[in-house]
Amino acid sequence: MVVMAEGDHSAVFTLVDEFGDQIAAMVRSQLASYGRRDLLRDRDEMVGLVHTAAFEILDRAGSWDPAGAPPWVWAGHAIRAAVAQQIGHPLADIDVDRLVERQALMPFSRSGPDRADLDDHRDLDLDRLAERHPQVRLLLDALSVTASERDQVVVGQFLIQKAFGDPSPSHTVAAECGLSPANVRQIVSRLRRKLQAMAAHDARYRGLGRSGWLAA
Amino acid sequence: MSFDLEARSSRDLTRMCEQLAERLAGDGASHPMAATLTLAVRGLQGAAAEPFAASVRVDPEQLARIERGEVSFDQLPEAILIQALRDPRLDVDRLRRHIG
């Protein structure tokens, strides 16, 4: 990896040869979290996705810290986004530049909406998802009438992290948004109850009741 | 399915070569397939450039030119081709067919 960071492309082969199993485990975990067990059984797809992950690592190798996490963990966001895009997952609308334009996405970030913050959110653009998915549009609409701008982002990021299989989404979102994990859980819980009530009592939002998050 | 059982078959790493060659071509390399094959041989040996150059009896500068895609497949040093052909993870014939 150090060699890769120096721009030596031969290292991408070394990476897959030596650490293909670890990268594959990460890809498998992501596919399982999407419920794409069909792809888990498709050997060609799996191999292609591992290669995709390796190239994502290669592209970012220059900023990897050898003292930190293994490269496939360190590049986890980018790998998840690339895998989601390759398999056509609904959470795959990636457009960092558009997110940069929408700096309001991170109005309360500890360090402000700089490029590093936004890079962590390259995984998706909720507005673009809403254009294509009525359920997402309905959710964002309901959030917009019931939650502050900050809380909308908190819930949106929480659901994204859950979708990506993050085992501790409240901790991730808390770190990203400068809140405590308890704050995040409270915000999510409160808004979930509000949205459940809207789904139950307002015909316009009845469709929200089919959302796995609200039904859970 | 276990990744390690079959994932390093010739077909798979050849696919990876094709992907890297596409990227190198996109970066402007004139001979991306020759560059990729050489990078693959070296990478799969986990060898640094200088010792690899010595092992195939090529000047390090020449190896750098090959890996930058400045040397055609037909002009690849025989020692590199022999190592590629001996590596069961690489399908040299399939890669060569891309040259056209």
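This is a short talk through one structure, starting with chain A and ending with the salt bridges.

Okay, hi everyone. One thing to keep in mind from the start: what you see above is a predicted model.

Let's begin with chain A. How many helices and strands does chain A have? There are 14 helices and zero strands. So if you read along the sequence, you just get α-α-α-α-α-α-α-α-α-α-α-α-α-α. Chain A has 216 residues, and 50% of them count as buried. Now look at the contacts in chain A with a separation of 6 or more: 61% of those come from residues 24 or more positions apart.

Let me pick one residue to make that concrete. Find A:Thr52, in helix H4 of chain A, residues 43-60. Is A:Thr52 buried or exposed? Its relative accessibility is 12%, and buried means under 20%, so A:Thr52 counts as buried. What does A:Thr52 touch, if we skip its neighbours within four places in sequence? The answer is A:Ala82 and A:Gln86. There's also a pair of C-alpha atoms to look at here: A:Thr52 and A:Ile79 are 27 residues apart along the chain, and their C-alpha atoms are separated by 7.7 Å.

Next up, the nonpolar cores. The largest one has 60 residues, and the members that touch the most others in it are A:Val12, A:Phe13, A:Leu31 and B:Leu37. Which helix gives this core its largest share? That's helix H2 of chain A, residues 11-33, with 10 residues. Apart from this core there is another, of 23 residues, including A:Ala174, A:Cys177, A:Leu179 and A:Tyr205.

You may have spotted a chain B name among those well-connected members: B:Leu37. Leaving out its neighbours within four places in sequence, B:Leu37 is in contact with B:Phe73, B:Leu76, B:Leu81, B:Ala84, B:Leu90, B:Val92 and B:Leu95.

Let's stay in chain B and look at two helices there. H3 covers residues 32-45 and H5 covers residues 60-67; they pack at an angle of about 120°, and their axes are 7 Å apart. That angle makes H3(B) oblique to H5(B). Who is doing the touching? On the H3(B) side we have B:Ala34, B:Ala35, B:Thr38, B:Leu39 and B:Arg42, and they meet B:Leu63, B:Ile66 and B:Glu67 of H5(B). Sort the residues of that contact by type, and you get five nonpolar, one polar and two charged.

Two of those names come back in a moment, so on to the salt bridges. Over all chains, a search of the whole structure turns up 14. Some of them join into networks: A:Asp8, B:Arg42 and B:Glu67 are linked in one. And yes, B:Arg42 and B:Glu67 are in that H3(B) and H5(B) contact as well.

Now for a pair within chain B. B:Glu18 makes a salt bridge with B:Arg94, with the closest N and O atoms 2.7 Å apart. B:Glu18 sits in helix H2 of chain B, residues 10-26, and B:Arg94 in helix H7, residues 92-97, so this pair ties together parts that are 76 residues apart in sequence. B:Glu18 has a relative accessible area of 13%, so it is buried. B:Arg94, at 22%, is partly exposed.

Here's another one: B:Arg68 with B:Glu70, where the closest N and O atoms are 2.9 Å apart. How accessible are these two? B:Arg68 is partly exposed, at 46% relative accessible area, and B:Glu70 is partly exposed too, at 45%.

Last pair: the side chains of B:Arg89 and B:Asp87 meet in a salt bridge, 2.9 Å from N to O. B:Asp87 is buried, with a relative accessible area of 10%.

And a final stop at B:Pro88. Where is B:Pro88? Look in the loop between helix H6, residues 78-86, and H7 of chain B. B:Pro88 is exposed, with a relative accessible area of 67%. Its C-alpha atom is separated by 9.7 Å from that of B:Leu13, and the two residues are 75 apart along the chain.

That's my tour, thanks for listening.

Notes. Residues numbered from 1 in each chain as written. Chains lettered and ligands numbered in written order. Predicted model: local features only at pLDDT ≥ 70, side-chain atom pairs only at ≥ 80, totals over all residues. Heavy atoms only, no water. Axes fitted to C-alpha atoms, helices over the stretch in contact; angles between N-to-C directions. Helix = DSSP H or I, 4+ residues; strand = E, 2+ residues; numbered from the N terminus. Parallel < 35°, antiparallel > 145°, perpendicular 65-115°, else oblique. Contact = heavy atoms within 4.5 Å. Nonpolar A, V, L, I, M, F, W, Y, C, P; charged D, E, K, R; others polar. Buried < 20%, exposed > 50% of the residue type's maximum accessible area, 1.4 Å probe, protein only. Core = buried A, V, L, I, M, F, W, Y, C linked by side-chain atoms within 4.5 Å. Salt bridge = Lys/Arg side-chain N within 4 Å of Asp/Glu carboxyl O.
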